[in-house]
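Subject: the model we talked about

Hi,

Here is the structure I promised to pass on. Have a look at it first, and then read my notes underneath.

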Amino acid sequence: MRLASGWKAALFAFAVVCSAAAAAAAPASERIDELVKTRCSTCHGPTGQSSNADFPKLAGQNADYLVRQMFNFKTRARKSTEMEKEMAGLTGNDIEDLANYFSRQQLVPVARQDKALTETGRNFYMTGSPERGISACAVCHGDMARGARLLPRVAGQHARYLAIQLRRFADQSRTTDQMLMHSTASKMTEEEIWAVSYFLSGYD
Ligand code: HEC
Ligand code: HEC
């Protein structure tokens, strides 16, 4: 008898733990679904594969980098009127869950037709310009341009978005933690910015 009730108590405790876990997990993902549908998807698309080149693709981006940028928008360390508004009311957990959701989605690069421009961009990406003191992008972002942790993936991103960000690093209007990017981008010509952005948008 004592054995049986002990067993029942254990089973009951187990059931309580299970239902508590289920109750905690379900609303979190429903909330993320809801946030993605009602907010992020308007500009970034439902899976982070945005179709407008002014809005960055978030699919396949490194989760740590996404978290950091969202906090940067929230604190206005990185200025964007649109994104500051979007971050209002989101908790730290929402930000982490959103970052994990988008980083798990598949990023699809665009097909690029201009072979000569792609090659110019690739060479610049891989070697930079030693004579003008420009480091190879690959040194930090990697040969596959996937970055790591706080270093963003740049492969497969929209060319227009990449070029806009490079110009902002150059004139220091993107103000977050970027002396490394400033010293690189400020020495690039407009042709180099476009070639490297063109190459990266089709790089898989
Ligand atoms: C009204 C359009 C709009 C909506 C809605 C929107 N964003 Fe953005 N988002 C932008 C723009 C524009 C940028 C680029 C900001 C810049 O640097 O000028 C951006 C940038 C970002 C970045 C930085 C990406 C990178 O590569 O650095 C992240 C992360 C992000 N958005 C996440 C989200 C999430 C998550 C949501 C939903 C909660 C969301 N955004 C909703 C317009 C939007
Ligand atoms: C010394 C390391 C370093 C080098 C070299 C470097 N980057 Fe970066 N890059 C970074 C870091 C770190 C960030 C993230 C900055 C931040 O957190 O805002 C970044 C951010 C970027 C972004 C913004 C991505 C986004 O999603 O908003 C672009 C675009 C970029 N780099 C392109 C390049 C290109 C092209 C080159 C070569 C011409 C290059 N980088 C060279 C370290 C580097």
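Around ligand 2, the elements that each supply at least two residues of the shell are α6 (137-141), α7 and α8 (179-185). The biggest giver is α6, with four residues. There are 19 residues around this ligand, and S135, C137, C140, P152 and L180 come nearest. Sorted by class, the ligand 2 shell has twelve nonpolar, six polar and one charged residues. Bear in mind while you look that this is a predicted model.

Ligand 1 has its own surroundings. Its shell counts 20 residues, and the closest are C40, C43, P56, S80 and E86. Two or more residues each come from α1 (2-44), α2 and α3 (81-87). Here α1 has the largest share, six residues. The class split for ligand 1 is eleven nonpolar, five polar and four charged residues.

Now for the overall picture. The protein is made of nine helices and has zero strands, so to speak a plain α-α-α-α-α-α-α-α-α when you read along the sequence. Of its 204 residues, 28% count as buried. If you take the contacts between residues at least 6 apart in sequence, 69% of them join residues at least 24 apart.

Two helix pairs caught my eye.

The first is α2 with α4. Helix α4 covers residues 92-104, and α2 packs against α4 at an angle of about 135°, with the axes 8 Å apart. Why call the pair oblique? An angle over 145 degrees would be needed for roughly antiparallel, and 65 to 115 for roughly perpendicular; at about 135°, α2 and α4 are therefore oblique to each other. The crossing of α2 past α4 is right-handed. On the α2 side you will find A63, L66, V67, M70 and F71, and they meet I95, E96, A99, N100, F102 and S103 of α4. That contact divides into eight nonpolar, two polar and one charged residues.

The second is α7 with α9. Helix α7 runs over residues 159-170 and helix α9 over residues 190-201; their axes come within 8 Å and cross at roughly 140°. That angle makes α7 oblique to α9. The crossing of α7 and α9 is right-handed. From α7 the contact takes A159, L162, A163, L166 and R167, and from α9 it takes I193, W194, S197, Y198, L200 and S201. By class, the contact of α7 with α9 has eight nonpolar, two polar and one charged residues.

A few single residues are also worth a click.

Start with N72, which sits in helix α2 (residues 63-74). Is N72 buried or exposed? It takes 20 or more other C-beta atoms within 10 Å to be buried, and N72 has 20 C-beta neighbours inside that distance, so N72 counts as buried. Setting aside the neighbours within four places in sequence, N72 is in contact with A77, R78 and T176. You can also check N72 against M83: they are eleven residues apart in sequence, and their C-alpha atoms are 9.8 Å apart in space.

Then there are two residues to look at for their backbone angles. Most residues other than glycine have a negative phi. R76 is not a glycine, yet its phi is positive, about 65°. You will find R76 in the loop between α2 and α3. With 12 other C-beta atoms within 10 Å, R76 is exposed.

A145 also has a positive phi without being a glycine, in this case near 60°. Where does A145 lie? Its place is the loop between α6 and α7. A145 has 20 other C-beta atoms within 10 Å and is therefore buried.

That is what I have so far. Write back once you have been through it.

Cheers

Conventions
Residues numbered from 1 in each chain as written. Chains lettered and ligands numbered in written order. Predicted model: local features only at pLDDT ≥ 70, side-chain atom pairs only at ≥ 80, totals over all residues. Axes fitted to C-alpha atoms, helices over the stretch in contact; angles between N-to-C directions. Parallel < 35°, antiparallel > 145°, perpendicular 65-115°, else oblique. Left-handed = near helix turned anticlockwise from the far one by under 90°. Contact = placed C-beta atoms within 7 Å. Nonpolar A, V, L, I, M, F, W, Y, C, P; charged D, E, K, R; others polar. Near = placed C-beta within 6 Å.
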